[in-house]
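Here's a walk through the side chains of one protein model, with an eye on rings, sulfurs and nonpolar packing. Have the viewer open while you read.

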Amino acid sequence: MPPYRYPTNNFTYVSSCVKYMIFLLNFIFWLFGGLLIGIGFYAFVDKWQATGLIKLETFYDIVLNLSLVMIIAGGIVFVVSLAGCLGALRENTCLLKFYSLCLLIFFLCEMAIAITAFVFPHKVNAVLEESFTDKIITTYRDDPDLQNLIDFAQQEFHCCGLSNDGYLDWGKNEYFNCSSPSVEKCGVPYSCCINATDISSGLVNIMCGYHIQQQSVAAASKKIWTSGCIEIVRVWAERNLYVIAGIALGAAISQLFVIYLAKTLEGQIDLQKSSWS
């Protein structure tokens, strides 16, 4: 039996592979977080200069302000990934513990949302309609970023409005309400139209949805999409359930793997410190 070899002064329990893998992954997310902050800040300032006023009085004002959401999300990613970078590079167990705890909280929140949406899809549907329909519809023209997002969603998912009322939701907007003095009264945004773009000229007909609310669903369905977007998105998610589940599972496994790496590095650092004492 060969004699036991004690660790030499050059020996380290800390794996360079684990250490620099954590550093590299978090460095990429750190850059991504900084990019989100930069884009969000630029959009926020641009909106401020264009409108002169940004209302942030309620929770919905913050959630529906896309530039502010980007700044907040980017800030969280920036701080957490920076903790992972420095924790791995400097072999700091406090930063690594903070980093792994944040990842665990993110993971648990994502699982809670996914399970709730899977088990109670209709309940989630109803809550979203009740909570966001009026606010999103009424602020459509007040926030250019939100307007572009709604137009994109309606064009991509072939829907109009948010709730089960469909295109009639737009009657809650001051510009599209039938009592409005606007030329758009009783209308809907052009993004609701089935054929909003003229084939010959390639120009968008922004008047294609004018006075459509006065028509029946059968008549309106010949010109615009009439179903609400929340229900359409729910149906789309059910049809692509396996793809969404596969992506979610891949993301969850990746997060758990990174948490495992962080905890492994913590253990190696603690073991290295104990060998010095």
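R141 sits over the face of Y175, 5.6 Å from the ring centre; a charge counts as over a ring when NZ of Lys or CZ of Arg is within 6 Å of the ring centre and within 35 degrees of the ring normal. Keep in mind that this is a predicted model, where local features need pLDDT of at least 70, side-chain atom pairs count only at pLDDT 80 or more, and totals for chains, interfaces and linings use all residues. Residues are numbered from 1 along each chain as its sequence is written, and side-chain values use heavy atoms, with hydrogens and water left out.

**Rings**

On to rings that meet other rings. Rings of Phe, Tyr and Trp (its six-membered ring) pair if their centres lie within 6.5 Å, and planes under 30 degrees apart are called stacked, over 60 edge-to-face, and the rest tilted. That rule gives seven aromatic pairs. One of them is W30 with F78, a tilted pair at 5.4 Å centre to centre and 35° between the planes. W30 belongs to helix α1 (residues 16-51) and F78 to helix α3 (residues 66-89), so the pair ties together parts 48 residues apart in sequence. Helices here are DSSP runs (H or I, at least four residues), numbered from the N terminus.

How exposed is W30? Its relative accessible area is 25%, which makes W30 partly exposed, and F78 is partly exposed with 25% as well. The cut-offs are under 20% relative accessible area for buried, over 50% for exposed, and partly exposed in between (1.4 Å probe, protein chains only). W30 and F78 also belong to a cluster linked by ring pairs, together with F23 and F27.

Y140 and F176 make another tilted pair, at 6.2 Å centre to centre with 50° between the planes. Y140 is in the loop between α5 (121-138) and α6 (144-157), while F176 is in the loop between α6 and α7 (217-220), so this pair ties together parts 36 residues apart in sequence. Y140 is buried, with a relative accessible area of 1%, and F176 is buried too, at 1%.

**Sulfurs**

A disulfide is a covalent bond between the sulfur atoms of two cysteines. With the cut-off set at a pair of cysteine sulfur atoms within 2.5 Å, a search of the whole structure turns up four disulfides. Counting bonded cysteines along the chain, the pattern reads 1-8, 2-5, 3-4, 6-7. Here are three of the links:

| Disulfide | S to S | Angle about the S-S bond |
|---|---|---|
| C160 and C192 | 2.1 Å | 80°, right-handed |
| C178 and C186 | 1.8 Å | 135°, right-handed |
| C193 and C208 | 2.0 Å | 105°, right-handed |

Now for where these cysteines sit. C160 and C192 are both buried. In the link of C178 and C186, C178 is partly exposed at 40% relative accessibility, whereas C186 is buried with a relative accessible area of 2%. C193 and C208 each lie in the loop between α6 and α7, so their link ties together parts 15 residues apart in sequence. C193 is buried at 7% relative accessibility, and C208 is buried with a relative accessible area of 17%.

Why is C85 not bonded to C102? The sulfur of C102 is the closest cysteine sulfur to that of C85, but the gap is 14 Å, too far for a bond. C85 itself is buried, at 5% relative accessibility. C94 is in no disulfide either, and the nearest cysteine sulfur, again that of C102, is 13 Å away. Unlike a buried residue, C94 counts as exposed, at 61% relative accessibility.

**Nonpolar packing**

A nonpolar core, as used here, is a set of buried Ala, Val, Leu, Ile, Met, Phe, Trp, Tyr and Cys residues joined through side-chain atoms within 4.5 Å. Which residues have the most contacts inside the largest core? They are Y167, W170, V188 and I224, in a core of 23 residues. The elements giving it two or more residues are α5, α6 and α8 (229-239), and the largest share, three residues, comes from α5.

V188 makes a handy spot to zoom in on. Leaving out residues up to four places away in sequence, V188 touches C160, Y167, W170, F176, G209, I212, Q213 and I224, with contact meaning heavy atoms within 4.5 Å. Apart from this core lies another one of eight residues, including V14, V18, I22 and L261.
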